[in-house]
Structure formats: structure tokens, C-alpha cells
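The following questions and answers concern the fold of a chain, an interface and individual side chains. Please consult the sequence and structure shown here.

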Amino acid sequence: MPEPMTPRDWGEAFAALPMDAAPADTWRRVAARLDARPPRARWPRWLAAAAVLVLAIALPWRSWFEHARLPATAPSAQADPALARLQAESAQLEGLLAYARDERVASGSAATLSAQLDARVAAIDAALMQPGLAAARQQALWRERVEALRTLAAFEANRRWLASQGERYDGALVRVD
Amino acid sequence: MPDALLARARAGERAAFEQLCRTFERPVFTLALRLTGDREQASEALQDTMLKLVARVREFRGDGGSPFWGWLRQIAVNEALMQLRRGRRFALELVVDDDGLGEDPAPPPAAAADAAQLQRALAALPPLTRSVLWLYHGEGYTHEEIAALMQRTASFSKSQLARGTRRLRALLHVEDPIHA
């Protein structure tokens, strides 16, 4: 068996070292530490109300503003900047959702509706992960994702607001198409 | 790094974090082990890194195509160095900012091609010296970046590198007397 070549420099020598296997129970330990974290503090009423107000005003306004700004160019020239805007809005909505969501205040119907909306987002994500997606299809999926997240974020913010009022979400009041 | 996986993680999805953890646990653990030289400390640093990932994933912008690993690696380096500070293993080393040792430009000895020998030699180095060596040669950090990480000067980094390289060479020559 031929001897390995002497490395040319220390960088090459270090790069040739094999990686070490991490402990098998790493995720289990991380998950346990995540579960052991103290619960997030309840939002004060004024903050819950502010979140609902921000979502109610900012989301439709942003949608109108984005459409107003779009230059009249060929679709192929719009594809990248439009996709980037959709992805940026998606990330912002996820940030809002992460703050608005509180699993502790879920009623049965609220949890079901939230799960349905989550499932819609997950299905869109699964479609986005398909290789070789055409640009138009990719953009359409991201648009769907933004719409789903808008619905979900507004729903979760409203649910938090209701919880701050000592109320719970009633599934009869809202229909999700 | 698929955008969809990152998006799911940003949405707080536990399954996405698990997938990220399983994808990156090996390189993070390896990096932490190279710096700390201790499996238990490396395991702690790995867990702390993943917890920071969960807490800060929304901070990763990926602007201009910057890779996710670069962002995560920085967290892992900080956590590993923090493990060393907590264990006071840095405090036990005699630290000289600039001992006048010049750079050692000679190539590694033949024994450096033997992974087991090289790993043993690295493990025998003091933690601070080994960390500088690994960050410089293994991860491509500059002396200025290493200085900032360790709250020292660039001269300190250069001195540790020169000292560590000579020590590593000596350890490998001892292991490989045929080529000494």
C-alpha cells in the first residue's frame, strides 16, 4: 500500500484529517434543553393590540406598495427581484409569526385551524424543494407561501389578542379558504 | 442549504431545527474537538451552538450568497473558546504576547500525513496554542481575526502560531524517528 503523500503545508495536513462523529444523542439533549427553557412571558394587552394593528395595517399596505413600485418590464426581468421581494416578505412574516404564536392559549378549534395553516405552508415548502422548478412556478409558490403566512400570522396575532382579553378563539367566526 | 429548510427553521419548526442539527453536528463537533481537545467540552460546545442556532436563525440573512456554514462556524468557534475559558484551561498557559519567534515557513514533516499521528500531536499541544494553530491553518482565520476572537493582539496570534508550529513539528519528529 503506497504511503500517503507528505502534505505541502499545514493547511493541507489539517484538511486531510477525518471528521469526528458527534455523540449520537446530541439532538435529544438539545431538544431537552429547549423544552426546559422557561415559558415566554405573556404579552401585555397593549402589545398584543399593537401587533394586531400592525398586521392589519401593514400587510395590505405593503402589498399595495409593492404592486405600485413594480416597473413595467418583461416578466423575465422581473422574476429575480420579484422573487427576492416575496422571499424577504416571507422571512419577515415568519419573524412576526414566531413572536405572535403561543401554543399555551390554543383552544381545540384554534389548534386545528393553526395546524391546517401550518400544513398548507409545509405542502408549499415540499413543492419548493422539488428540483428543476421553473422560475414562474417558483414565484407562484412563494406568492402562495406569503399569502398563507399572512393568514397564519394575522390569525395567531388575533388569538394572542383574544387571550390577553381572557377570551379564546371560536372556530365558528372565521373561515379559511 | 435549501431555502425552504431555512424558511421552516425561521418559522420555528422543531423538525427543521432537528434536520439542521443532524446535518451540521459532525462538522461543528469536529471543530469544537480540534479547539478544546476534550470530547465532553466539545459535546457541550456542540449543544450550545445548536441552541444558539435555534435562538438566532432569523439573524442569518444569507446576503450576497454568504454560506450558512460560515455563519454557524463562527458561533461554534465562539462556543468552543468559551468552553476553554470556563474550564480555565487558557489560564494555565504561560502567555507571552510576542516572544520574538519568527514564522516557521518549512513544510510539515512526512509524519503529518499520518492522521492518527497528527491528531495525537495536536492533542498534546496546550489548548491556547492548538486553538490558534487550528483557527489559522485549519479554518483560514487571519491573525487579526484570531486576535479579536481571543481578545489579544495580532502579535500574540503570530507568536502562538510560530511556537505551536515548532512544537507540532517536534512532536511529529518524535513520533516518526525514521524521517527525523
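Q: How many helices and strands does the secondary structure of chain A come to?
A: This is a predicted model, in which local features need pLDDT of at least 70 and side-chain atom pairs count only at pLDDT 80 or more, whereas totals for chains, interfaces and linings use all residues; side-chain values use heavy atoms, with hydrogens and water left out. Residues are numbered from 1 along each chain as its sequence is written, chains are lettered from A and ligands numbered from 1 in the order in which they are written. Helices (H or I, at least four residues) and strands (E, at least two) are DSSP runs numbered from the N terminus. Read from the N terminus, the elements of chain A run α-α-α-α-α-α, and the totals are 6 helices and 0 strands.

Q: What percentage of the residues in chain A is buried?
A: A residue is buried under 20% relative accessible area, exposed over 50% and partly exposed in between (1.4 Å probe, protein chains only). Chain A has 177 residues, and the buried share of them is 36%.

Q: Among contacts in chain A between residues at least 6 apart in sequence, what share joins residues at least 24 apart?
A: A contact means heavy atoms within 4.5 Å. Counting the contacts of chain A between residues at least 6 apart in sequence, the share that joins residues at least 24 apart is 79%.

Q: What area do chain A and chain B bury between them?
A: Buried area is the accessible area (1.4 Å probe) that two parts lose on being put together, summed over both. Here 36 residues of chain A are in contact with 49 residues of chain B. Carbon and sulfur atoms carry 67% of the buried area, which comes to about 3,900 Å².

Q: Which three residues supply more than any other three of the area that chain A buries against chain B?
A: The interface of chain A and chain B buries about 3,900 Å². Of the area that chain A buries against chain B, 23% is supplied by W10(A), F14(A) and W27(A).

Q: Which element gives the most to the side of chain A that touches chain B?
A: Across this interface, 9 residue pairs are in polar contact, both residues at pLDDT 80 or more; a polar contact is a pair of N or O atoms within 3.5 Å, where within protein one must be able to donate a hydrogen and the other to accept it, and residues adjacent in sequence count only if both atoms are side-chain atoms. The elements of chain A that give two or more residues to this side are α1 (10-15), α2 (26-35), α4 (75-100) and α6 (135-164). With 8 residues, the element that gives the most is α2(A).

Q: Which residues are joined with D20(A) into one network by salt bridges that share partners?
A: A salt bridge is a side-chain nitrogen of Lys or Arg within 4 Å of a carboxyl oxygen of Asp or Glu, and chain A and chain B have 4 of them between them. D20(A) meets R34(B) at 3.4 Å, N to O, and D20(A) also forms a salt bridge with R39(B), the closest N and O atoms being 3.7 Å apart. D20(A) lies in the loop between α1 and α2 of chain A and R39(B) in helix α3 (residues 39-56) of chain B, so this pair joins two chains. Through shared partners, the network joins D20(A) with R34(B) and R39(B).

Q: Is D20(A) buried or exposed?
A: Its partner R39(B) is partly exposed, at 47% relative accessibility. D20(A) has a relative accessible area of 17%, and therefore counts as buried.

Q: Which residue of chain A meets D48(B) in a salt bridge?
A: D48(B) is buried at 11% relative accessibility, whereas its partner is partly exposed, with a relative accessible area of 32%. The closest approach of the two side chains is 2.7 Å, N to O, and the partner is R33(A).

Q: What distance separates R28(A) and D25(A) in their salt bridge, N to O?
A: R28(A) is exposed, with a relative accessible area of 55%, while D25(A) is partly exposed at 23%. Their side chains meet in a salt bridge with an N to O distance of 3.1 Å.

Q: With which side chain does the side chain of T129(B) make a polar contact?
A: T129(B) lies in helix α6 (residues 127-138) of chain B. T129(B) is buried, with a relative accessible area of 4%. At 2.8 Å, the side chain in polar contact with that of T129(B) belongs to Q160(B).
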